[in-house]
Amino acid sequence: MPITLNHTIVPAVDNEAAARFFASVMGLDYRGAHRHFAPVKVNDSLTLDFMSVENPVGHHLAFDVDPSSFYAILARLHAAGVPYGNDPSEPDNGRIDHPLCPRGLYFTDDAGNLYEVMSPR
């Protein structure tokens, strides 16, 4: 059996708000909290478990997506007024010309989690 990442805990100021935000931007379902986690199933093998913590320290989470998913995410960011950018030190510069792939962007949440979305094609 190959090693795969099953889940990871993502620190949050408010776990349910963070899960709803991430799911809405990425076009995923959020079905509510389970105990002290607010899980968002990313794909068949990965779930992000958002957990409220007193002083969250953000993580960097990177995702590969196809071009149509990338542009759908970009459209949702625009519609929600969420800043994005092509540089982790400037995740609000409004650019998508990523240095490692044809198109990519970063956006953050209120806990300081840095989400990276890359479209390698």
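**An exposed arginine, a nonpolar core, a pocket and a buried asparagine**

Arginine 35 lies in the loop between H1 and E2. The model described here is predicted. In this model, phi of arginine 35 is near 60 degrees. That is a positive value in a residue other than glycine. Most residues other than glycine have a negative phi. Arginine 35 has a relative accessibility of 70%. The cut-off for exposed is over 50%, so arginine 35 counts as exposed.

The nonpolar interior was examined next. The largest nonpolar core holds 28 residues. Phe22, Leu48, Phe50 and Phe107 touch the most other members of this core. Both helices and strands contribute to the core. Two or more residues come from each of strand E1 (7-12), helix H1 (15-26), E2, E3, E4, H2, strand E5 (103-108) and strand E6 (114-119). H1 gives the most, with six residues.

Phenylalanine 50 shows how distant parts of the sequence meet at one side chain or backbone. Its neighbours within four places in sequence are left aside here. Phenylalanine 50 is then in contact with Val10, Asn15, Ala18, Ala19 and Phe22. The list also includes His36, Phe37, Ala38, Val40 and Tyr115.

The largest pocket contains about 290 Å³ of space. Its lining is made up of 17 residues. Met26, Val42, Asn43, Phe63 and Asp64 lie nearest the centre of the pocket. Four elements each supply at least two lining residues. These are strand E2 (38-43), strand E3 (46-52), strand E4 (60-64) and helix H2 (67-80). By class, twelve residues of the lining are nonpolar. Three are polar and two are charged.

A further site of interest is asparagine 86, in the loop between H2 and E5. Is this residue buried or exposed? Its relative accessible area is 9%. The cut-off for buried is under 20%, so asparagine 86 is buried.

Asparagine 86 also takes part in polar pairings. The side chains of asparagine 86 and asparagine 93 are joined by a polar contact of 2.7 Å. A polar atom of the asparagine 86 side chain also lies 2.9 Å from the backbone oxygen of aspartate 97. With neighbours within four places in sequence left aside, asparagine 86 is in contact with Asn93, Arg95, Ile96, Asp97, His98 and Pro99, as well as with Gly104 and Tyr106.

Key: Residues numbered from 1 in each chain as written. Predicted model: local features only at pLDDT ≥ 70, side-chain atom pairs only at ≥ 80, totals over all residues. Heavy atoms only, no water. 1 Å grid on protein atoms, 1.4 Å probe; cavity = no way out; pocket = protein on both sides within 12 Å on 5 of 7 lines; lining within 4 Å. Points joined across faces, edges and corners; volume = space filled by probe spheres on them. Nonpolar A, V, L, I, M, F, W, Y, C, P; charged D, E, K, R; others polar. Core = buried A, V, L, I, M, F, W, Y, C linked by side-chain atoms within 4.5 Å. Buried < 20%, exposed > 50% of the residue type's maximum accessible area, 1.4 Å probe, protein only. Contact = heavy atoms within 4.5 Å. Polar contact = N/O pair within 3.5 Å; in protein donor to acceptor, adjacent residues only side chain to side chain.
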